[in-house]
Amino acid sequence: MTAAVTYEAIKTCKQSGARLGRVHTPHGTIETPTFMPVGTQATVKTMSPEELKEMDARIILSNTYHLFLRPGHELIREAGGLHKFMNWDRAILTDSGGFQVFSLSDMRKITEEGVHFRSHLSGDKLFISPEIAMEIQNALGSDIMMAFDECAPFPAEHDYVKKSLERTSRWAERCLESHTRPADQSLFAIIQGGMYEDLRRQSAADLTSLDFPGYAIGGLSVGEPKHLMYDVLDYTVPLMPANKPRYLMGVGSPDALIEGSIRGIDMFDCVLPTRIARNGTTMTSQGRLVVRNAQYANDFGPLDPECDCYTCRNYSRAYLRHLIKADETFGLRLTTYHNLYFLQNLMKNVRQAIMDDRLLDFRDEFFEQYGLFNN
Ligand SMILES: O=c1nc[nH]c2cc3[nH]c(NCCN4CCCCC4)nc3cc12
């Protein structure tokens, strides 16, 4: 079976399970481990494609659920697909919609066939099935499509999670069957199983018995303590094929990106950096810095003295605070640009540390400087 997306292993870190690799797609190659900026509604909020390229972002996310509701996948198909519609000629991954249905809409009813729900925008009654999720993503023309799944809530009873993962496995098979498998699109499956090792094993066995080009770990970053997420990774990652991309969904804090990379994850995504930027919270080499706070009113130094991004080279904390307080859009653009650049730079340093077989040392140094040992 030809896959449009392939994984090239480059090196495994001698200190940990981390690995250097490349994900090859029809819209370019991604050095891994990598962080993927989220562009939910066909835009990474306040960023232009040129600015994303400037920081060497190779792949972004968009959301099947949101684009299905607005402007509709048929309109985007008519526009020539999502790459053309949003003027982004690098790679795009679309989440399948399952997570958004559960996190955004109410009146949802899960059946074997699919999920009935109300639009969070109009209140209209809508329905998404594995087949419809594939139809939408085919219309969008994303390079990486995600199988339609249910992300079990946290906490959830063992019996509920077991029934849910078994349905997700049946849905994944239906996605594979219905996916017209155009030469330039690849479908990743999503491993579920909650916080239960036996269920993670069952889900991984179900899905790896089917030939997907890549596998994601879902059902995490849903409110569980971080140590629990790392435990799940410790026993789930080894169940995933070593010759295919491993994608941890919804994870994007600096510590979790490092810990996930140590455990062999290749791809991450999260709205965190762009979301917190819009309320004036930034990620800096000295830890989180809430630049809208009064203490920065007369601070004419750069946001992060160790960062060489456009924001840190040209503007002061005082100016950023003024813009955010004055609700000036340019302020949101500057903090967003910095946060995304910070994570792109962090992942570049993670890849270098893997190359130098020193990722565990890098983690200790980063945690020390970022102030992560005292929380
Ligand atoms: O199991 C999943 N299947 C499909 N998509 C997913 C997306 C996810 N996103 C998250 N977590 C996002 C957490 N994020 C943190 C920053 C604030 C907004 C929420 N878990 C996920 C699980 C899944």
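## A ligand and two helices

The ligand sits in the largest pocket (an open set of points on a 1 Å grid over the protein atoms alone, where a 1.4 Å probe fits, with protein on both sides within 12 Å along at least five of seven lines; sitting there takes more than half of the ligand's atoms within 2 Å of its grid points). This is a predicted model, where local features need pLDDT of at least 70, side-chain atom pairs count only at pLDDT 80 or more, and totals for chains, interfaces and linings use all residues. Residues are numbered from 1 along each chain as its sequence is written, and side-chain values use heavy atoms, leaving out hydrogens and water.

Biologist: How many residues surround the ligand?

Modeller: A residue counts if one of its heavy atoms lies within 4 Å. Asp 95, Asp 149, Gly 219, Leu 220 and Ser 221 are the closest, and the full count is 15.

Biologist: Which residue has a polar side-chain atom 2.8 Å from a nitrogen atom of the ligand?

Modeller: Look for N or O atoms within 3.5 Å of each other. Gly 219 uses a polar backbone atom, 2.8 Å from a ligand oxygen, and Ser 221 also uses a backbone one, 2.9 Å from a ligand nitrogen. The side-chain atom belongs to Asp 95.

Biologist: Moving on to helix H13, which residue with positive phi follows it?

Modeller: H13 covers residues 317-325, a DSSP run of H or I with at least four residues. Its buried residues (under 20% relative accessible area, 1.4 Å probe, protein chains only) include Leu 320 and Ile 324. With phi near 55°, the residue after H13 is Asp 327.

Methods. Buried < 20%, exposed > 50% of the residue type's maximum accessible area, 1.4 Å probe, protein only. Helix = DSSP H or I, 4+ residues; strand = E, 2+ residues; numbered from the N terminus. Polar contact = N/O pair within 3.5 Å; in protein donor to acceptor, adjacent residues only side chain to side chain. 1 Å grid on protein atoms, 1.4 Å probe; cavity = no way out; pocket = protein on both sides within 12 Å on 5 of 7 lines; lining within 4 Å.
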